[in-house]
Amino acid sequence: MRDLARRIDAATPPGRDRALDALRALAIVGVVLGHWLVTALTNDSGTLRAVSPLSRLPEFTPVSWVFQTLAVFFLVGGRVAAASHTSAFARGTSYRDWLTARLGRLFRPVAVLLVVWAAAAFAMTLSGVPWQTVHTLGKLVLSPLWFLLVLAALTAATPLVAQVHPLWPLAVVLHVDVIRFGLDGPEGLGWTNVAAGWLVPYCLGALWARHGIRKRAVGWALLVTGTVATVLLVLVAGYPASMVGVPGAPVSNLNPPTLAAVTFGLAQCGAAFLLVGPLRRTLRRPAVWAAVALLNLSAMTVFLWHQTAMMAVTMLGLLVGGPTGHGPLTGLHTVPEGHSWILARLAWLPVFALALLACVAVFRTYETGGRRRSRARRPAARRQVRRA
């Protein structure tokens, strides 16, 4: 392992900003852990139903503040896409070729996921699995894909939106919320914020790529103002405290994004800027950098299959627990009530992680594109680091 870490470190291009990879890795870990902690599958007379502990344990709300890291994804996405497009344009690469290369790695693994789950849903239906269970499992698999659609749309629009200052989409979000909540406007208007809300961190990342940013000054400014604005919006304006959707709640901060979600995201972006320096120093260590690089190689596979891993453990627990007489397993099949459920859930996280590693081992080849002719022309370590 030490030899592998040294080879990955030596193969990394000197100009690569390792902090960007680390921020992306932190964001993907946050999303995975967040979904595993706030999604419970309960067994209701043989039917699986999704239940959120946030609706029964409001003291669990701070989990959504820590693990809702989508703004960091879009910040890094805007930074990388803008720099990549500028570099491709300088080399004479056409927009079509650039976009095909950017989106190819995004949608190949998605196609595999859809094929596998279509076959699984068909098999479950034929075998007599209740439709509610099939619907619940399918929804958990498909619901995270909205993020990829938005990211793909913003990536395609990079030549245009890279020139937009983040204050412009922020103003759109503000006006939409004023009309929607303050003037009792149409609820459908809120879906404008799906584009405008995530354009704010994406454009901030593009601005970072174009002109650079004084990371400490801007980081502290965003962290402080974003935090204060979010607190005021929650305490004074009545926005939900949870930064993810809670079943049964009249308003969701995420579906569609609200002004509170955007200001919270700006605070996260500020924290990300402040972390860039320490991350660059830490990632000089070959072992730490190797772990980050390897995670980035399978980032899309991890994102797509982490819900499947959780559901596989849940279903296996049902199959094993029934015949052995153990019944519903706390933290896995039981209703999320009480702090004992939280402790039990934490104990299940390593099991989910092992199942996810198995999924990554099987499906990551569809993300990396399998064997390519270029493999014969450069060492494996250098090839994989560049792909990350």
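Visitor: Is Arg280 buried, partly exposed or exposed, and what is its relative accessibility?
Guide: Keep in mind that this is a predicted model. Buried means under 20% relative accessible area, exposed means over 50%, and partly exposed lies in between. Arg280 therefore counts as partly exposed, with a relative accessibility of 34%.

Visitor: Which residue does Arg280 meet in a salt bridge?
Guide: The pair links distant parts of the chain, 263 residues apart. Arg280 belongs to helix 12, while its partner sits in the loop between helix 1 (2–11) and helix 2. The N to O distance is 2.7 Å, and the partner is Asp17.

Visitor: Is Asp17 buried or exposed?
Guide: The cut-off for buried is under 20% relative accessible area. Asp17 has a relative accessible area of 15%, so the word for Asp17 is buried.

Visitor: Which residues are joined into one network by salt bridges that share partners?
Guide: One of the pairs is Asp21 with Arg16, whose closest N and O atoms are 2.9 Å apart. Asp21 is buried at 2% relative accessibility, whereas Arg16 is partly exposed at 22%. Shared partners make one network of Arg16, Asp21 and Arg24.

Visitor: How far apart are the closest N and O atoms of Asp9 and Arg18?
Guide: Asp9 is partly exposed at 22% relative accessibility, and Arg18 is buried at 17%. A salt bridge needs the nitrogen and oxygen within 4 Å. Asp9 and Arg18 form one, and their closest N and O atoms are apart by 2.9 Å.

Visitor: How many salt bridges does the count come to?
Guide: The pairs we have met include Asp17 with Arg280 and Asp9 with Arg18. By the 4 Å rule, the count comes to seven.

Visitor: Which residue stands opposite Asp44?
Guide: Strand 1 (residues 40–44) and strand 2 (residues 47–51) pair in the antiparallel sense over five bridges. They form a hairpin with two residues between them, and Ser45 in the turn has a positive phi of about 55°. Across from Asp44, in strand 2, is Thr47.

Visitor: Which residue in the loop between helix 9 and helix 10 has a positive phi?
Guide: Most residues other than glycine have a negative phi. Here the value is near 55°, and the residue counts as exposed at 67% relative accessibility. The loop lies between helix 9 (167–182) and helix 10 (192–211), and the residue is Asp184.

Visitor: What is the omega of the cis peptide bond that joins Asn255 and Pro256?
Guide: Most peptide bonds are trans. Pro256 is found in the loop between helix 11 and helix 12. Its bond with Asn255 is cis, and omega is about 5°.

Visitor: What is the volume of the second largest pocket?
Guide: This pocket is lined by 42 residues, and among those nearest its centre are His35, Ser143 and Asn255. Elements that give two or more residues to the lining include helix 2 (18–38), strand 2 and helix 14 (299–324). The volume is about 1,200 Å³.

Visitor: How much accessible area does the nonpolar patch on the surface have together?
Guide: Its members include Trp220, Leu232 and Val236. Val236 is in the loop between helix 11 (215–235) and helix 12 (259–282), and Val236 is exposed, with a relative accessible area of 69%. Together the patch residues have about 710 Å².

Key. Residues are numbered from 1 along each chain as its sequence is written. This is a predicted model: local features need pLDDT of at least 70, side-chain atom pairs count only at pLDDT 80 or more; totals for chains, interfaces and linings use all residues. Side-chain values use heavy atoms; hydrogens and water are left out. Patches are made of residues with over 30% relative accessible area and no salt bridge: like charges are joined within 9 Å, nonpolar side chains (Val, Leu, Ile, Met, Phe, Trp, Tyr) within 5 Å. Accessible areas come from the Shrake-Rupley method with a 1.4 Å probe; for residues, only the protein chains shown count as cover. A salt bridge is a side-chain nitrogen of Lys or Arg within 4 Å of a carboxyl oxygen of Asp or Glu. Helices (H or I, at least four residues) and strands (E, at least two) are DSSP runs, numbered from the N terminus. Buried means under 20% relative accessible area, exposed over 50%, partly exposed in between (1.4 Å probe, protein chains only). Two strands pair if DSSP finds at least two bridges between them. On a 1 Å grid over the protein atoms alone, a cavity is a set of points where a 1.4 Å probe fits but cannot get out, and a pocket is an open set with protein on both sides within 12 Å along at least five of seven lines; lining residues have an atom within 4 Å of a point. Grid points are joined across faces, edges and corners, and a volume is the space filled by probe spheres set on the points.
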